[in-house]
Amino acid sequence: MLNLIPAPRGSVHMQEGSVKLPETVTVSLGDFAPWCLEAFAARLDGHVETAENGFITLKKADIAKEGYKLTVTKDGITVEAADESGAVWALTTVTELTAEGEALPIVTIEDAPHYGHRGLSLDCSRHFFTADEVKKVIDQMTRVKLNVLHWHLVDDQGWRIECKTLPLLHETTGTYYTQEEIRSVIEYARVRGMEIIPEIDMPGHTRSMIAAYPHLSCFGEKTELCQFGGIFEKILCPGKDETFEFIEKLLTEVCALFPDDRFHIGGDEAPRTRWEKCPKCQARIRTEKLKADKNHTAEDRLQSYCMTRIEKLLNSKGRQIIGWDEILEGDVAPNATVMSWRGSAGGIKAAQLGHDVIMTPNDYCYFDYYQSEDTRHEPFAIGGFVPLEKVYSLNPTASLTEEQAKHILGTQANLWTEYIPTSEQVEYM
């Protein structure tokens, strides 16, 4: 039995015998880009070289995206894959088979992922982790073939991106990633077959924006950053044109940093109480003819207006938006992908409406919850209880028809860090 996580979805055929990797592993790249060897070489302490007739031979083949066929014989290893990501995962499997210096079994493995989105969200606003610490998380993700880092960079507790056009954002927080550091993390992820999705949460969870630029709130009051999580009344004012001018300036700079085409805009936990009292918000409601009904208030419709306007802005920059399941409250932005966190109900509803969905229900996928009921021997956590067995038991397409299930892009674990101050605790959780 092979000790591989995740277990291969295709066939596994083992034979008698084994083979050890040579001290320096030679690889024939064929038509593959050299970057697909970077993570492999790092795990083997750099003892990897390219050669015309290598111990490992990479070949292009008609295989599913990110899939591979790995053939280990006494004479060497052949990897067949359709793309560099498939080659990365095949080489990851090689390193897993040789854990602790063991010889590789003589085996043929055919494997391909069930879902295209296999993610982890890392919150670096509540507690800041250095670029090197984020890279350590990426290393752990690639070992289990996760391919999306959802990077939660801003919230009420801190703004973590250097913004040259709006410098008060990062200057007010004080601890942030330089643009050079962000690019280095993006490149580090890219050569490991991983996409990075940035999240700029709006219109709620924006206390760090308002602390830097108070005019973005409804009444322009000064505010401070806060230490812990919560839901705060002071959020962006969608009644002001200058709010959207600010957002456009901000997103133009952030999009220039992050090359992938998906962008998370949050949309969660945005209380509308200030909007009810704000003359500019009420004027916007009248101008846009936003009407209440038995299910939604006019202010709910105002949030939908806000999300749709931001979506159009990001679409113009070649980006597709993702939002938390609260964006279903009102009129969901037309092409939005919904990330379902309040259980699976939001994701089910979104899939039934024809929206793409990433399932990340808190009762299965929140890694800031306790892992044991014996909390005396666990690090202090936000609450909840999600044991490993429950994580594994998630069926993201439960109760969906075959056609609706096609909208489930995959699953994701979320790691919120209000109570996780160190990189070591991040790794434990």
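Two strands are said to pair if DSSP finds at least two bridges between them. In this predicted model, strand 2 (residues 25-28) and strand 4 (residues 56-60) are paired in the parallel sense, with two bridges between them. Within this pairing, valine 27 sits opposite isoleucine 56 of strand 4. Strand 4 is also joined to strand 6 (residues 76-81), here by five bridges and again with a parallel course. Threonine 57 faces a threonine across this second pairing, namely threonine 78 in strand 6.

A wider view helps to place these strands. The protein chain holds 15 helices and 17 strands. Its radius of gyration is 23 Å, close to the 22 Å that the globule rule gives for 429 residues, so the chain is as compact as a globular protein of that length. Measured out along the principal axes, the C-alpha trace spans about 75 × 50 × 45 Å. 

The interior and the surface can be described in turn. Of the 429 residues in the protein chain, 56% count as buried. Among contacts with a separation of 6 or more, 68% are between residues 24 or more positions apart. The accessible surface of the protein chain amounts to about 18900 Å², and carbon and sulfur atoms supply 49% of that area. As for charge, the protein chain carries 44 positive and 66 negative side chains, with the centres of the two sets 6 Å apart.

Strand 8 (residues 117-123) offers a good place to look inside the fold. Seven of its seven residues are buried, so strand 8 is largely enclosed by the rest of the structure. In a regular strand, side chains alternate between the two faces of the sheet. Both faces of strand 8 turn out to be covered. On one side the buried residues are His117, Gly119, Ser121 and Asp123, while Arg118, Leu120 and Leu122 are buried on the other.

Which strands run alongside strand 8 in the parallel sense? One is strand 17 (residues 408-415), joined to strand 8 by six bridges. Here the bridge partner of leucine 120 is alanine 413. Another is strand 9 (residues 148-152), which runs parallel to strand 8 and is connected to it by five bridges. In that pairing, leucine 122 stands opposite tryptophan 151 of strand 9.

Some backbone details also deserve a look. Two peptide bonds leading into proline may be noted here: the bond joining isoleucine 5 and proline 6 is cis, with omega about 0°, and the bond from methionine 202 to proline 203 is cis as well, with omega near -5°. Proline 6 belongs to the segment before strand 1 (12-19). Proline 203, in turn, lies in the loop between strand 12 (195-202) and helix 6 (207-212).

Positive phi values also appear in residues other than glycine. Glutamate 269 has phi near 45° and is located in the loop between strand 13 (262-266) and helix 8 (273-277). Is glutamate 269 buried or partly exposed? Its relative accessibility is 27%, so glutamate 269 counts as partly exposed, since the buried class is reserved for values under 20%. Lysine 289 has phi near 55°, and its place is in the loop between helix 9 (279-287) and helix 10 (298-315). With a relative accessibility of 65%, lysine 289 counts as exposed, a class that takes values over 50%.

Notes: Residues numbered from 1 in each chain as written. Predicted model: local features only at pLDDT ≥ 70, side-chain atom pairs only at ≥ 80, totals over all residues. Heavy atoms only, no water. Helix = DSSP H or I, 4+ residues; strand = E, 2+ residues; numbered from the N terminus. Rg over C-alpha atoms; globule rule 2.2 N^0.38 Å. Buried < 20%, exposed > 50% of the residue type's maximum accessible area, 1.4 Å probe, protein only. Contact = heavy atoms within 4.5 Å. Areas by Shrake-Rupley, 256 points an atom, 1.4 Å probe, with all protein chains shown as cover. Lys, Arg positive; Asp, Glu negative; His and termini not counted. Charge placed at Lys NZ, Arg CZ, Asp CG, Glu CD.
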